Amino acid sequence: MNIGQLYLLIRIVSTLVLGVRILVQRFQAKQYALCLVVGSCVLASTFISGSWNILLLLLFLIAGREVNLRKIAICVLCTNVAVIFLTVICANNGIIKKTTFIAGNGMPERQAFGFTHPNLFGLAVVTACCAYAVLQYRKFGWKDLLIYGVAFYACYELAYSRTSAISILLIVFLSLFVTIDKHGRWDKLILVLGSLAFLGLSLFSIWLMVYFKPSISWMSNLNSMMTGRLDLMHHYFETYGVHMFGFDFSKMQENYRGYYDTFICDNAFAHVVLESGIVVAALLFLAYEYVLLRGLIGYGELTPELFGLIIFAFVAFSESGAFWVCVNFCLVALAEPFFSLYSKLPNNNK
């Protein structure tokens, strides 16, 4: 069994387990109707694009009634830290291949530490930091600063994953801010800014995907700062276009500028639009924005779930995994309005 077959087996088993969990639950008529509509769109996208990411996310959301976010955060933190240490140890002892990437353009060598790419190492570190930030919600201290400092050094100086390093700085800033505002006086302002940030970044990303021009200086500078992400996602848009229910990039037959022979789009907003299609992307973006606005209008309190969603709204601009439930575990909060269709206020205890 090769690694591709193993991944497929894991997806199938995960789908079956989640399906059984869903079948034993009871829903109201409107919830069944919503499941049918959204599920049909996601299934169509999955069959056309070959990507299981949004389907697994949807199954997790439907199966996630009364989920405990803190327990999920602990699992995500422990598994990511374990994977990072195990991969680094195996790479340093010759058990798995240790790859060094030469980025060119005067950039230093990038260490992948046993991961297939330095950015995947950076994503694992950022995911662990996000989980830790949720667990330490409004309890930021000197110990946390040291932990984030080590993570920042590993991403910026060793893996040279600048976008991951910037994401860690963002986590530090937001964690410090909400700790200073321990009594939540600025919660509504944070929710307003978070909602605007998600809306703005999603629209800005799609606009850049369509209209990016390297001849425009600020676009070129932003593209360089993001290590070619804008140029790459614009290339995929120009070459393959966008479709209602996505596109199967596994059939892609090209070698972009001698570097990429598989679909790589590190902007999560553009990634979902290109791979999963316009319909699924719109549903996901609307659900994400709705939950943030519901938190603002419903009870005006910044919960750990909403705090995590705001963090990942920024991470999504530079990391494709921001909409994968295995990375952005706070996506489980998107299920809350589904289970509260008849409630005026969300259930703060869930």
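Author: Buried means under 20% relative accessible area, exposed means over 50%, and partly exposed is whatever falls in between (1.4 Å probe, protein chains only). By that rule, Asp181 and Arg138 are both buried. Keep in mind that this is a predicted model: local features need pLDDT of at least 70 and side-chain atom pairs pLDDT 80 or more, while totals for chains, interfaces and linings use all residues. Residues are numbered from 1 along each chain as its sequence is written, and side-chain values use heavy atoms, without hydrogens and water.

Reader: Let's start with Arg138, then. Why is Arg138 called buried?

Author: Its relative accessible area is 11%. The cut-off is under 20%, so Arg138 makes it as buried. You'll find Arg138 in the loop between α5 (118-135) and α6 (142-158). Helices here are DSSP runs of H or I with at least four residues, strands are E runs of at least two, and numbering goes from the N terminus.

Reader: What makes the backbone of Arg138 worth a look?

Author: Its phi is positive, about 60 degrees, and Arg138 is not a glycine. Tyr160 also has a positive phi, near 50 degrees, again in a residue other than glycine. Tyr160 sits in the loop between α6 and α7.

Reader: Why does Tyr160 count the way it does, buried or exposed?

Author: Buried. The relative accessible area of Tyr160 is 16%, and the limit is under 20%, so Tyr160 is on the buried side.

Reader: What makes Arg138 and Asp181 a salt bridge?

Author: A salt bridge needs a side-chain nitrogen of Lys or Arg within 4 Å of a carboxyl oxygen of Asp or Glu. In this pair the closest N and O atoms are 3.9 Å apart, so the pair passes that test. The partners come from distant parts of the chain: Asp181 is in the loop between α7 and α8, Arg138 in the loop between α5 and α6, and 43 residues separate them.

Reader: Which other partner does the side chain of Arg138 meet in a salt bridge?

Author: Asp187, with an N to O distance of 2.4 Å. This link also joins distant parts of the chain, from the α5–α6 loop to Asp187 in helix α8, 49 residues apart. Asp187 is buried, just like Arg138.

Reader: How many salt bridges does a search of the whole structure find?

Author: Three. The remaining pair to name is Arg229 with Asp266, whose closest N and O atoms are 3.6 Å apart. Arg229 lies in helix α10 and Asp266 in the loop between α10 and α11 (268-276), 37 residues away along the chain. Arg229 and Asp266 are both buried. As for Arg138, Asp181 and Asp187, salt bridges with shared partners join them into one network.

Reader: How do you know what length to expect for helix α10?

Author: The expected span is 1.5 Å times one less than the number of residues. Helix α10 (residues 229-240) has twelve residues, so 16 Å is expected. From its first C-alpha to its last, α10 reaches 17 Å, close to that figure.

Reader: What makes α10 mostly covered?

Author: Ten of its twelve residues are buried. Among them are Arg229, Met233, His234, His235 and Tyr240.

Reader: Why does the span of helix α13 agree with its residue count?

Author: Helix α13 (residues 304-315) should span 16 Å with its twelve residues, and its end C-alpha atoms are 16 Å apart, so the two agree. Helix α13 is mostly covered too, with ten of its twelve residues buried. The buried set includes Glu305, Phe307, Gly308 and Val315.

Reader: What forms the nonpolar patch on the surface?

Author: Phe173, Phe177, Trp186, Leu189, Val192, Leu193 and Leu196, with about 670 Å² of accessible area together (Shrake-Rupley, 1.4 Å probe). Patch residues have over 30% relative accessible area and no salt bridge; nonpolar side chains are joined within 5 Å, like charges within 9 Å. Helices α7 and α8 each supply at least two residues, and the largest share, four residues, comes from α8.

Reader: Why is Trp186 called partly exposed?

Author: Its relative accessible area is 46%. That lies between the limits of 20% and 50%, so partly exposed is the right label for Trp186. Trp186 is in the loop between α7 and α8.

Reader: Why does Ala287 count as partly exposed?

Author: Ala287 has 27% relative accessibility, so it gets that label as well. Ala287 lies in helix α12 (residues 278-298). Its C-alpha is 9.9 Å from that of Ala333, a residue 46 positions apart along the chain.
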